[in-house]
Amino acid sequence: MAKRIAAFGEVMMRLQVPGYELLSQASSLNYTFSGTGVNISSALARFGHAGFLISRLPSNPVGDAAEAYLRKLGINSSMITRGGNYVGMYFLENGFGARPSRVTYSNRQESSFNTAPENTYNFAEIAKNIDMIHFCGITLAMNDNVRQHMKALAKQVKANGGTVVFDCNYRPAHWGEGGYAKAKPHYEDMLQLADIVMMNEKDAIYILGMHTDQTERQDQLMELIPAVADKYQIAVIAGTHRHINSDNTHSLRGFIYKNQSFTFSNLLTFSIYDRIGAGDAYTSGIVHGEIQGFSPDKTVGFAAAASMLAHTIVGDTPMSSESDILRAMTEVVGDVER
């Protein structure tokens with residue numbers, strides 16, 4: 001059941017402060033390369049699929065280093081083009097206790113990906129060579145040129161009979177003042193093209209402007225998600241609810257809405273080592289479950305366990321295999337494996 005899956009998105013340099021120091025305290029940084037598209041294509045390659053990244057990197061040693069890193073993650077780089085001068089960067093300070101982790105972006109709008117000209121990608125050729133494509137709301141927020149690339153590519157993949165996955169992933173800092181109003185028409189365009197969508201009730205309320213009289217999150221979810229699926233003719237909608245506990249552990253429950261029915265995962269509670277990228281692990285689990293024809297119960301359980309494990313691994317990119325995740329679904333873990 002292996003598929004050819006591409007993700008469209010920016011490659012970013014992650015510059016991480018050691019331990020729990022602040023940027024103002026640190027004298028060194030550890031760099032890796034990441035991004036939602038990187039995380040998704042790598043995770044699905046680890047599950048046995050052919051994972052491609054559609055992106056643009058600079059023609060310089062930094063671009064070379066990024067492409068080498070992607071290959072190490074198992075990503076096929078044949079759909080990456082070269083041009084421009086920069087990769088976007090972000091600085092990560094690890095939170096501790098009452099202090100949350102903090103991400104500070106640098107040079108993002110000037111990156112090779114976000115300045116790619118109109119004819120950078122051969123959409124028709126790409127669509128012929130993949131079965132499924134993933135898009136992210138963070139990419140949608142970048143600029144009009146990137147949004148045009150996204151929509152044209154999604155339309156081409158749909159025309160070729162491929163599956164479109166869209167993760168809402170709304171980030172207020174990227175859209176700026178009046179962000180919800182700016183974002184809504186672009187989100188609606190992508191939802192009309194999508195077959196599998198990652199979202200929850202907050203996206204429906206704040207981005208799409210939908211109304212509910214319900215006050216509890218679960219009740220809001222169960223009222224609004226079916227309405228979104230019906231309005232935009234979406235086959236599968238999935239997402240998570242997260243709660244941060246007083247002892248700094250997190251509790252997470254996943255859901256999937258398919259065939260006019262909700263299925264929820266068990267509530268998982270765990271300690272956090274590195275939270276960045278855990279949502280991408282959940283998405284990759286949902287996508288893999290759909291490809292493999294898992295039952296909704298197994299799919300949402302697999303995705304939730306994938307996300308839980310991603311919280312325990314340093315770096316953005318999910319590193320767990322299918323067997324790792326299946327074992328985490330059924331076994332009490334924590335002792336040394338021998």
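Helix H10 is largely enclosed by the rest of the structure, because 13 of its 15 residues are buried. Keep in mind as you look around that this is a predicted model. Beyond H10, there are 20 aromatic pairs to explore, along with an open sheet of 4 strands.

**Helix H10 and what comes after**

- H10 covers residues 278-292, and at 1.5 Å a residue its 15 residues should span 21 Å; the end C-alpha atoms are 21 Å apart, so the model agrees with the expected value.
- Glycine 293 follows H10 and has a positive phi, near 75°.
- A little further along, lysine 298 lies over the face of phenylalanine 294, at 4.1 Å from the ring centre.

**Aromatic pairs**

- A pair of aromatic rings is described by the distance of the centres and the angle of the planes.
- The structure holds 20 such pairs. One of them joins tyrosine 31 and phenylalanine 33, whose ring centres are 5.7 Å apart and whose planes stand at 80°, so this pair is edge-to-face.
- Tyrosine 31 counts as partly exposed because its relative accessibility is 46%, whereas phenylalanine 33, at 2%, counts as buried.
- Phenylalanine 166 and tyrosine 187 also form an edge-to-face pair, with 5.5 Å from centre to centre and 65° between the planes.
- Because phenylalanine 166 lies in strand S9 (residues 163-167) and tyrosine 187 in helix H7 (residues 179-193), their pair ties together parts that are 21 residues apart in sequence.
- Phenylalanine 166 is buried, at 0% relative accessibility, and tyrosine 187 is buried at 0% as well.
- Ring pairs link Phe166 and Tyr187 into a cluster with Tyr170, Trp175, Tyr180 and Tyr206.

**The four-stranded sheet**

- Strands of a sheet pair through backbone hydrogen bonds, either parallel or antiparallel.
- In this open sheet the strand order is S3-S2-S6-S7, and the pairing is mixed.
- S3 (30-34) and S7 (102-106) stand at the edges with a single partner strand each, so one side of each is left without a neighbour in the sheet.
- On average, neighbouring strands of this sheet are turned by 25° against each other, direction ignored.
- S6 (residues 88-93) pairs with S7 in the antiparallel sense over 5 bridges. Tyrosine 90 has tyrosine 105, in S7, as its bridge partner.
- Helix H2 (residues 61-72) lies across strands S2 (12-16) and S3, and runs at about 70° to S3.

Terms used. Residues are numbered from 1 along each chain as its sequence is written. This is a predicted model: local features need pLDDT of at least 70, side-chain atom pairs count only at pLDDT 80 or more; totals for chains, interfaces and linings use all residues. Side-chain values use heavy atoms; hydrogens and water are left out. Rings of Phe, Tyr and Trp (its six-membered ring) pair if their centres lie within 6.5 Å; planes under 30 degrees apart count as stacked, over 60 as edge-to-face and the rest as tilted. Buried means under 20% relative accessible area, exposed over 50%, partly exposed in between (1.4 Å probe, protein chains only). Helices (H or I, at least four residues) and strands (E, at least two) are DSSP runs, numbered from the N terminus. A charge sits over a ring if NZ of Lys or CZ of Arg is within 6 Å of the ring centre and within 35 degrees of the ring normal. The expected span of a helix is 1.5 Å times one less than its number of residues. Two strands pair if DSSP finds at least two bridges between them. Axes are lines fitted to C-alpha atoms, for helices over the stretch in contact, and angles run from 0 to 180 degrees between N-to-C directions. Contact means heavy atoms within 4.5 Å.
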